[in-house]
Amino acid sequence: MTVKIYETQAVQDFLNSISGFDQEGGSERAKKIMHRFLSDLFKLIDDFDVTQEEYWTAVNLLNALGSQTQFGLLSPGLGFDHYLDMRQDAIDAEAKRTGSTPRTIEGPLYVAGAPEAEGFARLDDGSDLDAETMWLTGQVRDIDGTPIPGAKVEIWHCNSKGNYSFFDPTQSEYNMRRTIYADSEGRYTARSIIPSGYGVPEGAPTDVVLKALGRHGERPAHIHYFISAPDYQHLTTQINLAGDPYTFDDFAFATREELVIEGKHIESVAEAEKRGLEGPFTEVIFDIELAKTESADLQVRHKRARAKEDEQDAASQLASTAKV
Ligand code: MBD
Ligand code: FE
């Protein structure tokens, strides 16, 4: 097929009209972005001679992704989350906000409103009997090494089957999700279990896309963090446990050399007892350095639709109203 119509005046006029260029209302930015987006897609259809069948297969796939709320899962798989991180890294470098622990993607499985604790929390509910006990600890510091007492450390991870509480309704509420405020030395400690890797559900629309690209949907064992403190830049990051076959082959592109951590398996009864544990465990140490910023916007996580986030917003709004 040699039909090429993209460059014709008729198509160019059509794109202007679809994008509302001839209309008063709406947003200029929305119009410009939609115009670029549609133009690129129309050109692609022309260049690749996309057929009716291919086009409607894609529409059907988008409907499936949406109805199963999988855009948040496909997004890291197609590298958007990491690309936004690369851009934020470049923005920070330009503003000379450097030297902090590297950021990496949030992923789609955070749930707001986890129970809060001071210094120490147990994250797991004790029901995952297949899993190794994990002792996860570290210090939150300034980039010049000064501890940050009271820093807010939010941690979430999956169980030994790769499932996250809330999204897996068989788990107890907020299992493996806690907020820990660092102690007077900036230290936080969590008792939990070693998580396994995560795999995109077989046959799910996200899996269909990845399979078409010859790719897998596996993530290495990892632990998510939000870390914040007044006057410091909010940090979204994760650690990867070393030795996982997918450590450097993550479908979500979240691995960063500095965030790969070797857990230390400890058999010593004395060491276990010191931590109030009954048997062998794996200690994972993750120290975190935050960069200073005066910008209030940079001190909090960016807005995004998150599970239970609206309830949290409503609750804190209610609390602040109650105070006046
Ligand atoms: C996860 O646990 C995750 O962190 C990401 C980014 C995608 C899918 C599952
Ligand atoms: Fe995850």
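I will call a residue near a molecule if one of its heavy atoms lies within 4 Å of it. This is a predicted model, in which local features need pLDDT of at least 70 and side-chain atom pairs count only at pLDDT 80 or more, whereas totals for chains, interfaces and linings use all residues. Residues are numbered from 1 along each chain as its sequence is written, ligands are numbered from 1 in the order in which they are written, and side-chain values use heavy atoms, with hydrogens and water left out.

Let me begin with ligand 1, whose surrounding residues are Leu 73, Ile 105, Gly 107, Pro 108, Leu 109, Tyr 164, Tyr 198, Arg 219, His 222, His 224 and Ala 252.

Turning to polar contacts, by which I mean pairs of N or O atoms within 3.5 Å, a polar side-chain atom of Arg 219 lies 2.6 Å from an oxygen atom of ligand 1, while for side-chain N or O atoms of His 224 and His 222 the distances to a ligand oxygen are 2.9 Å and 3.2 Å. The protein covers 100% of the 260 Å² of accessible area that ligand 1 has on its own, with areas taken from the Shrake-Rupley method with a 1.4 Å probe.

Now to the metal: the iron ion, ligand 2, is coordinated by Tyr 164 through OH and by His 222 and His 224 through NE2, at 1.9 to 2.1 Å, where donors are N, O and S atoms within 2.8 Å of the metal (3.2 Å for Na, K and Ca), and the site may look incomplete because water is not among the atoms. Along the chain, these donors follow the spacing Y-x57-H-x1-H.

Conventions:
A polar contact is a pair of N or O atoms within 3.5 Å; within protein, one must be able to donate a hydrogen and the other to accept it, and residues adjacent in sequence count only if both atoms are side-chain atoms.
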